[in-house]
Amino acid sequence: ILAGGVGSRFWPVSTAQRPKQLLPLASDRPLLREALDRIAPLCSPGHSLVLTNASLVEPIHALAPEIPGANLVAEPRPAGTAAALTWAAAMIERASGPEALMMSIHADWAIADADGFRAALTRAAVIAATTHLLVTVGVVPARPDPGYGYIRPGEEIANSPGARRVAQFVEKPSAERAEVMVREGYLWNSGIFVWRV
C-alpha cells in the first residue's frame, strides 16, 4: 500500500504531519484504515506492506497495529514510487520467493464498491499469475478530466477475456485531449499494478 506523500494536494486540511491518507476524508475512518480494511479479505496483515515516509511510521503503526512493524517500510528519503516499489518487491521476494505476486494500491482513495474493487484485484492477480505479465487496472472514466493519467487499451490478451494489453499511457492530457480520449475509449490509469516480484 502506497502511503507516502507530504499532504500538499489537500493543504491546509492535509499537512506533512497529517497527510490525507491519515485523515477521515470520505467517512469517519482515515483513508489508510479504509484501504487496509478493504484488502483484508485478500491479504493478511502479515502479508501487507505499507510504504511510507519515515515521519509517518509511528502514526501509521498507531492506526494499524495489526501490521507487523517490519512491514511498515519507511523510505530513508523520498525517492519516488518506482524506488519504493522496487524495494518492496525485493522484500517480498526474500520472504516469499520469485513467484510471489505483488499488488500495488494506494492508501488515499475513497472506494464506494469494496466488493467490486476486490473482484478487480483478484482478476488482475489471476491474470498476472497465469500470464507472467505486469497487470494494471483501468477505470472507465466518469468524465474527461485533465488531472488523471489515461490508458489506451490495445489487443486482447489470449485466454484472458476482457483483459487487454496497454497500447499507450498518457499522463495528464489537456482538457481538450481528455475529451477526445474518453470518446475513443481510453481508461483512467488507476495506478494499481499486479505482477510477479
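## The biggest pocket

Sort the lining of the largest pocket by class and you get 24 nonpolar, 17 polar and 8 charged residues. Bear in mind that this is a predicted model. The volume of this pocket comes to about 1,600 Å³. Its lining runs to 49 residues, and if you want to find the centre on screen, look for Arg9, His106, Asp108, Trp109 and Ser190, which lie nearest to it.

Which elements give two or more residues to that lining? They are β1 (50-53), α3 (81-96), α4 (114-131), β4 (135-139) and β7 (187-196). Strand β7 provides the largest share, with 6 residues.

## The runner-up pocket

The second largest pocket holds about 580 Å³ of space. Here 26 residues make up the lining, with Cys43, His47, Ser48, Ile92 and Leu101 nearest the centre. Two or more lining residues come from each of α3, β3 (101-104) and α4. Helix α3 gives the largest share of this lining, 6 residues.

How many charged residues does the lining of the second largest pocket have? There are no charged residues in it; the lining is made of 19 nonpolar and 7 polar ones.

## Ile92, a residue by the second pocket

Ile92 is among the residues nearest the centre of the second largest pocket, and it belongs to helix α3. Setting aside neighbours within four places in sequence, Ile92 is in contact with Leu49, Gly97, Ala100, Met102 and Val197.

Val197 is worth a click. Along the chain, Ile92 and Val197 are 105 residues apart, yet their C-alpha atoms sit 7.1 Å apart in space.

## β7 and its partners

Back to strand β7, the one with the largest share of the biggest pocket's lining. Which way does β7 run relative to β3? The two pair in the antiparallel sense, over 4 bridges. One pair to pick out is Met102, whose bridge partner in β7 is Trp195. Met102 also turns up among the contacts of Ile92.

Strand β4 is joined to β7 by 4 bridges, again running antiparallel. In this pairing, look for Thr136 standing opposite Phe193 of β7. Then there is β5 (residues 150-156), which runs antiparallel to β7 and is joined to it by 2 bridges. Tyr150 faces Trp188 of β7 there, the two standing opposite each other. As a rule, side chains in a regular strand alternate between the two faces of the sheet.

## Two arginines, both tucked away

Arg118 is part of helix α4, while Arg38 is found in helix α1 (residues 31-39). Is Arg118 buried or exposed? With a relative accessibility of 16%, Arg118 counts as buried, because the cut-off for buried is under 20%. Arg38 has a relative accessibility of 7%, so it counts as buried too.

What does the side chain of Arg118 reach at 2.8 Å? The backbone oxygen of Arg38 is at the other end of that reach. Not counting residues up to four places away in sequence, Arg118 touches Arg38, Pro41 and Leu42. From the Arg38 side, leaving out neighbours within four places, the contacts are Trp109, Ile111, Ala114, Phe117 and Arg118. Trp109 is a name you have met already, as one of the residues nearest the centre of the largest pocket.

For a different kind of distance, try Arg38 and Arg77. They are 39 residues apart along the chain, and 28 Å separates their C-alpha atoms.

## Two loop residues with positive phi

Most residues other than glycine have a negative phi. Here are two that don't follow the rule. His132, in the loop between α4 and β4, has a phi near 65 degrees, a positive value. Asn159 also has a positive phi, near 65 degrees, and lies in the loop between β5 and β6 (164-170).

Are these two buried or exposed? His132 has a relative accessibility of 52%, and over 50% counts as exposed, so His132 falls in that class. Asn159 comes in at 81% relative accessibility, which means that Asn159 counts as exposed as well.

Notes
Residues numbered from 1 in each chain as written. Predicted model: local features only at pLDDT ≥ 70, side-chain atom pairs only at ≥ 80, totals over all residues. Heavy atoms only, no water. 1 Å grid on protein atoms, 1.4 Å probe; cavity = no way out; pocket = protein on both sides within 12 Å on 5 of 7 lines; lining within 4 Å. Points joined across faces, edges and corners; volume = space filled by probe spheres on them. Nonpolar A, V, L, I, M, F, W, Y, C, P; charged D, E, K, R; others polar. Buried < 20%, exposed > 50% of the residue type's maximum accessible area, 1.4 Å probe, protein only. Polar contact = N/O pair within 3.5 Å; in protein donor to acceptor, adjacent residues only side chain to side chain. Contact = heavy atoms within 4.5 Å. Pairing = 2+ DSSP bridges.
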